[in-house]
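Reader: I'm just getting started with protein structures. Could you pick one part of this one and walk me through it slowly?

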Amino acid sequence: QGCTKTKKPKKQPKPPHENGNDSMIEKTEPEHVDAPAEFSFPPTFSVSEIKNKQRRHLMFMKLKQEKRKQKVAMKKKKKKERDALGDKAPPKEVPKTIENQRVYDETTVNPEDEEVAFDEGTDEFSAYFNRLTNPKVLITTSDRPRGRTVRFCNQLATVIPDAHVYYRRGLALKKVIPQCIARGFTYLMVINEDRKVPNGMVLCHLPDGPTAHFKVSSVRLRKEMKRRGKDPTEHSPEVILNNFTTRLGHSMGRLFAALFPHDPQFVGRQVATFHNQRDFIFFRFHRYIFKNEKRVGIQELGPRFTLKLRSLQKGTFDSKFGEYEWVLKRHENDVCRRRFNL
Amino acid sequence: MQHDDVIWDVIGNRAFCSFKVKTKVQNFCRNEYNITGLCNRSSCPLANSQYATIREEKGQCFLYMKVIERAAFPARMWEKVKLSKNYEKALEQIDQNLIYWPRFIRHKCKQRFTKITQYLIRIRKLTLKRQRKLVPLSRKVEAREKRKEEKALIAAQLDNAIEKELLERLKQGTYGDIYNFPIHAFDKALEHQDEESETDSEEEEDDEDVGKKEFVAEDEIEESDLSDFEDMDNLKAGSDEHEESSEEDESEEEMEEEPEASGSKGKMPLKGAVFRKKRAYVEIEYEQEMEPVPKSKAT
């Protein structure tokens, strides 16, 4: 076998095999070799057995090309069939997405579920949903916040009506909470900072409500938004909560809803969106305008960020002795990439 | 025999001592029984056969003593005395135990004991305050999450979702009467209804025509002739000019279309029938007007 393996000799009828094994196999089983123009290898051959990197690479490229050609041919055939059938063609197949293939979660809430409705009638948010309390939010940070975090807090305060920003100054949360309750706050929001960037949020519903700990990512302040509108006004925004399906997601949804006042002022035309996708909650703040009854234009104001729930704890903030309803365990979610909790 | 001077000469000055830590200015001793922590002739526990230290275990302080009599028994060499939690009492205990001992050791023991109690107090104070827990981030995990987030963002199609939701709310009327669009919607709904009724009636007519097709076709053997058509129109004398002209126009258009579109021959008589039908309706509703030139044609 004097010829080296380059692209040209490959067009020859019988390509010289790289492995000694393969050439032996070929000699003993000549009937497996097909017509000269094609390449066909004994079924046991795989590209990875070729020791020479260049040749292996070339063979792999060829394999890929073959596969691509086959794929295109299949597509053409299918299209032809579909055209031939015309109206009687079977409906187009829906491509598989992660959302389609999502593992069914047994805690998915059925809208008519009575048990859930009963739970929600008596849980910590029932006071809000029965219009007994108005939301009042206290926003603070971890110790010694840097400029970005401070600006983020201020912008959040404009988004949420009736929000107050206070500096932390080394206070202990457990001591802050009773004072907040005394002054009538319903929510405590603590933005945690790391390396000059906000990366965590603790959201605590105050009169002994649940405490949620989130990981915050992709924070964009107002300055960094492209094509943004003017600053938000004082009107109460509407709230959109998307895709909170499971029981846990439901309580999250209620948690976010209770941040905002009951009656949104439609005059302001502002909307705050919490959209859950694959366990990431995207927050956006827009101003909308209806051009006609079929089209609406939205313009993004306000900060945007993503949240990922890390733990949900019953009762107010108590990381040592609190009772955790749910904690994010990475190894649970690593098992199946189609399983989500919210 | 225990020759302290020889030991010190060897490990302190000339040869190697595994507990010694050399720095530019000073030498330190890492031996756990060392009382001052420095490497000195008087502080070296190996080079002093009579030695004492204070050590702390889980918040409890002990006085350790070593005498030359036990130098041959390493397992029993250090005598351990538990000190009282009361500071003054503990000092007295030290004094009692180290009576007749060299001044240096007594003094240093008390100094060390004081230092230890002070840092124990600080530990207790700190545990009552806030304790920051540092959670380590794993780079791989963070990168993976970032990627997942990007993909989730693409899959979410946020703008579309928000717009859809807003339009839904508009349709359901949560906005009340703020926007004028609902009227348009109502009009559109009306139009939809009208179209539906028209199509229904047309279909009914078609059905009826299907029944009468044979009858009509016998009459119209010569088809696709403009003049004939007009004649036929004239036959059904008595209709609004406007309606007629419009329908004529329509018929002309259809006539033009017919030679272009082959295989639509069957439609023509049908159309004629439909026209006839409609004409019948129109006759009833509108005033009759005389056509200008009535051609004599007997039916």
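Author: Let's take a close look at the sheet in chain B and the helices around it, then finish with helix H1. Keep in mind that this is a predicted model.

Start with the sheet itself. Strands S3, S4 and S5 of chain B make up an open sheet in that order, and they pair in an antiparallel way. The edges belong to S3(B) (51-57) and S5(B) (78-82); each has a single partner strand, so one side of each has no neighbour in the sheet. Going from one strand to the next, the twist averages 25°.

Now zoom in on one pairing. S4(B), residues 60-66, is joined to S5(B) by five bridges, with the two strands antiparallel. Want a spot to click on? Find Tyr64(B): its bridge partner in S5(B) is Lys80(B).

Next come the helices. H2(B), residues 87-97, packs on the sheet and touches S3, S4 and S5 of chain B. The direction of H2(B) makes about 10° with that of S4(B). Then there's H3(B), residues 103-128, which lies across S3 and S4 of chain B and runs at about 10° to S3(B).

Last stop: H1(B), which covers residues 4-14 and has Asp4(B), Trp8(B), Ile11(B) and Gly12(B) buried. Look down the axis of H1(B) and those buried residues fall within an arc of 95°, so they line one face of the helix. Here's the helpful bit of background: an α-helix has 3.6 residues a turn, so residues three or four places apart point the same way. The buried residues of H1(B) pack against strand S1(B) (20-22). On the face turned away from that buried side, you'll find Val6(B), Asn13(B) and Arg14(B), which are exposed.

Notes
Residues numbered from 1 in each chain as written. Chains lettered and ligands numbered in written order. Predicted model: local features only at pLDDT ≥ 70, side-chain atom pairs only at ≥ 80, totals over all residues. Heavy atoms only, no water. Buried < 20%, exposed > 50% of the residue type's maximum accessible area, 1.4 Å probe, protein only. Helix = DSSP H or I, 4+ residues; strand = E, 2+ residues; numbered from the N terminus. Arc of directions from axis to C-beta. Contact = heavy atoms within 4.5 Å. Pairing = 2+ DSSP bridges. Axes fitted to C-alpha atoms, helices over the stretch in contact; angles between N-to-C directions.
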